[in-house]
Amino acid sequence: MPMDAKEIEVKSKALAKATAQNEPPSTLLQILKELQQGVKATEDLLRSTRVGIIVNKLKQNKAPEVARLASEIVSRWRNEVNKQKASGSPGASRRSSGSPRPPQNGTASPAGTPTDKLSKLSVPPEKRTWKADGVDINQTSNKSRDNCIGLMYDGLCLNSTEPPRHVLSKASAVEAAAYSAFGPETKEGYRTKIRSLFQNLKNKSNPKLRVRVLSSEIAPEDFVKMSHEELRSVEQREQDRKIQKENMDKAMVAQAERSISTSLQCGKCGQRKVTYTEAQTRSADEPMTLFCTCVNCGKSWRQ
C-alpha cells in the first residue's frame with residue numbers, strides 16, 4: 001500500500017539517521033526496501049519529502065548491495081516522473097532533480113523556450129542528435145553518465161519523429177537501466193554495454209529496434225540485457241537461417257571419392273599414406289593431374 005507524505009518523511013529521516021550512525025547494511029536495506037515498495041513517485045512528493053536526495057546519496061555507499069538498490073530506486077523514480085511529464089500527468093508540474101533549471105528570477109518561461117523545444121522537431125529526422133534538438137542531457141550530475149544519455153539519445157532519435165521530450169525520457173531510462181545492471185560508470189561492462197546498444201540502435205539494417213524501444217514494446221530493463229542475437233531484426237535472423245541452411249546443404253552433398261595410394265610419398269614427412277583425386281586440367285591428350293593430400297601431416301600438392 002502506498003505511503004503518504006508523512007510516512008515517507010519518517011522513513012527518510014530514519015534512513016538519514018541510520019546512514020549518519022554507520023548502522024549495518026541490513027538496516028539500510030530494510031528501510032530502502034520499504035521505500036521501494038511504498039513510494040509512488042511524483043515530482044511534488046519527492047521534492048516535499050526530500051526522500052530522493054537522501055536515497056540518491058546512498059548510491060555511493062561502501063556496501064555494494066546498498067548502493068545497487070539505491071540506484072535501482074532512484075532510476076525507477078526518475079522514470080516514473082519522466083513518464084508523468086511526457087503525458088502531462090498531475091504531480092509533474094515542477095522540475096525534478098534532473099530537469100533543466102527554471103529562470104533564477106522566478107518568472108515563467110516565455111514562448112520559444114526549451115520547454116517548447118522539447119515538444120517540437122527543429123531539424124529533419126535523419127539529421128537529429130541531442131545537440132541539434134537542443135535538449136539538456138545533464139540528468140544525473142555525473143558527466144560520464146550524462147554523456148551516455150546523449151549517446152542513447154542520438155541512437156534513438158535517428159529518423160524518428162517522436163518529440164525530443166519523449167526521446168530524452170527514454171534515453172535516460174535506458175542509461176539508468178544499464179547503470180543499474182552493469183554500473184557504476186567506471187566499470188568496463190557498463191561502457192561496453194552502452195557502446196553496443198548505440199551501435200545496434202544506429203544499425204541501418206535494423207530500424208525497427210529504435211521504434212520498439214521508443215514505443216515501450218521493449219522495456220529499458222529488458223533492452224539492456226538483450227543478447228546480440230535478440231537485438232537483431234527478424235529479417236536479419238531469417239537471412240542468417242537461410243545462409244546456415246545453404247551451408248548445411250552444401251556440407252551434406254557427397255564429396256568426390258578420394259583414393260589412397262602407398263606409392264605416392266609426401267615430400268614433407270616422407271610417409272606413403274596419401275589420398276588423391278584425378279582431374280583433367282590440361283588438353284585431352286595430356287595426362288590427368290593428381291591432387292594429393294598426406295594423411296599423416298596434411299600437406300597438399302598436385303602432380
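## Exercises on a predicted model

Thr129 counts as partly exposed, at 28% relative accessibility. Keep in mind that you are working with a predicted model. Let's begin with this residue and then move on to other parts of the structure.

### Exercise 1: The surroundings of Thr129

Find where Thr129 lies and which residues it is in contact with, leaving aside neighbours within four places in sequence.

**Solution.**

Step 1. Locate the residue. Thr129 sits in the loop that lies between helix H6 (114-117) and helix H7 (130-133).

Step 2. Look for its contacts. With neighbours up to four places away left aside, Thr129 is in contact with Tyr153, Asp154 and Cys157.

Step 3. Compare sequence and space. Leu158 is 29 residues from Thr129 in sequence, yet their C-alpha atoms are 7.3 Å apart in space.

Step 4. Check the side chain. That of Thr129 reaches the backbone nitrogen of Ala132 at 3.0 Å.

### Exercise 2: Salt bridges, buried or exposed?

How many salt bridges does the structure hold? For the pairs below, decide whether each partner is buried, partly exposed or exposed.

**Solution.**

Step 1. Count them: there are seven salt bridges in the structure. As background, side chains of opposite charge can pair when their charged atoms come close.

Step 2. Start with Asp133 and Arg128, whose side chains meet at 2.7 Å, N to O. Buried means under 20% relative accessible area. Asp133 has 3%, so it is buried. Arg128 has 2%, so it is buried as well.

Step 3. Turn to Glu188 and Arg195, where the closest N and O atoms of the salt bridge are 2.9 Å apart. Glu188, with a relative accessible area of 41%, is partly exposed. Arg195 is also partly exposed, at 43%.

Step 4. Now take Arg212 and Glu217, with their closest N and O atoms 3.1 Å apart. Arg212 is partly exposed at 28%. The cut-off for exposed is over 50%, and Glu217 has 55%, so Glu217 counts as exposed.

Step 5. Look for shared partners. Glu188, Arg191 and Arg195 are joined into one network by such salt bridges.

### Exercise 3: Inside the nonpolar cores

Which residues of the largest nonpolar core touch the most other members, and which helix supplies the largest share of this core?

**Solution.**

Step 1. Recall a general tendency: in soluble globular proteins, nonpolar side chains tend to be buried together.

Step 2. Pick out the best-connected members. The largest nonpolar core has 28 residues, and Met152, Tyr153, Leu156, Val174 and Phe223 touch the most other members.

Step 3. Trace the helices. At least two residues of this core come from each of helix H8 (143-157), helix H9 (164-182), helix H10 (188-202) and helix H11 (208-214). H9 gives the largest share, seven residues.

Step 4. Follow one member, Leu156. Beyond four places in sequence, the residues that Leu156 touches include Val167, Ala171, Leu201 and Leu214.

Step 5. Look elsewhere too. Another core, of 24 residues, lies apart from the largest one, and Ile8, Leu32, Val66 and Ile73 are among its members.

### Exercise 4: Pairing strands

In which sense do strands S2 and S3 pair, parallel or antiparallel? Then follow S3 to its pairing with S4.

**Solution.**

Step 1. S2 (residues 274-279) and S3 (residues 289-294) pair in the antiparallel sense, over six bridges. One partnership links Tyr276 with Cys292 in S3.

Step 2. S3 also runs antiparallel to S4 (residues 300-302), joined by three bridges. Here Thr293 has Ser300 in S4 as its bridge partner.

Step 3. Examine the turn. Five residues lie between the strands in the hairpin of S3 and S4, where Gly298 takes a positive phi near 85°.

Notes: Residues numbered from 1 in each chain as written. Predicted model: local features only at pLDDT ≥ 70, side-chain atom pairs only at ≥ 80, totals over all residues. Heavy atoms only, no water. Salt bridge = Lys/Arg side-chain N within 4 Å of Asp/Glu carboxyl O. Buried < 20%, exposed > 50% of the residue type's maximum accessible area, 1.4 Å probe, protein only. Core = buried A, V, L, I, M, F, W, Y, C linked by side-chain atoms within 4.5 Å. Helix = DSSP H or I, 4+ residues; strand = E, 2+ residues; numbered from the N terminus. Contact = heavy atoms within 4.5 Å. Pairing = 2+ DSSP bridges. Polar contact = N/O pair within 3.5 Å; in protein donor to acceptor, adjacent residues only side chain to side chain.
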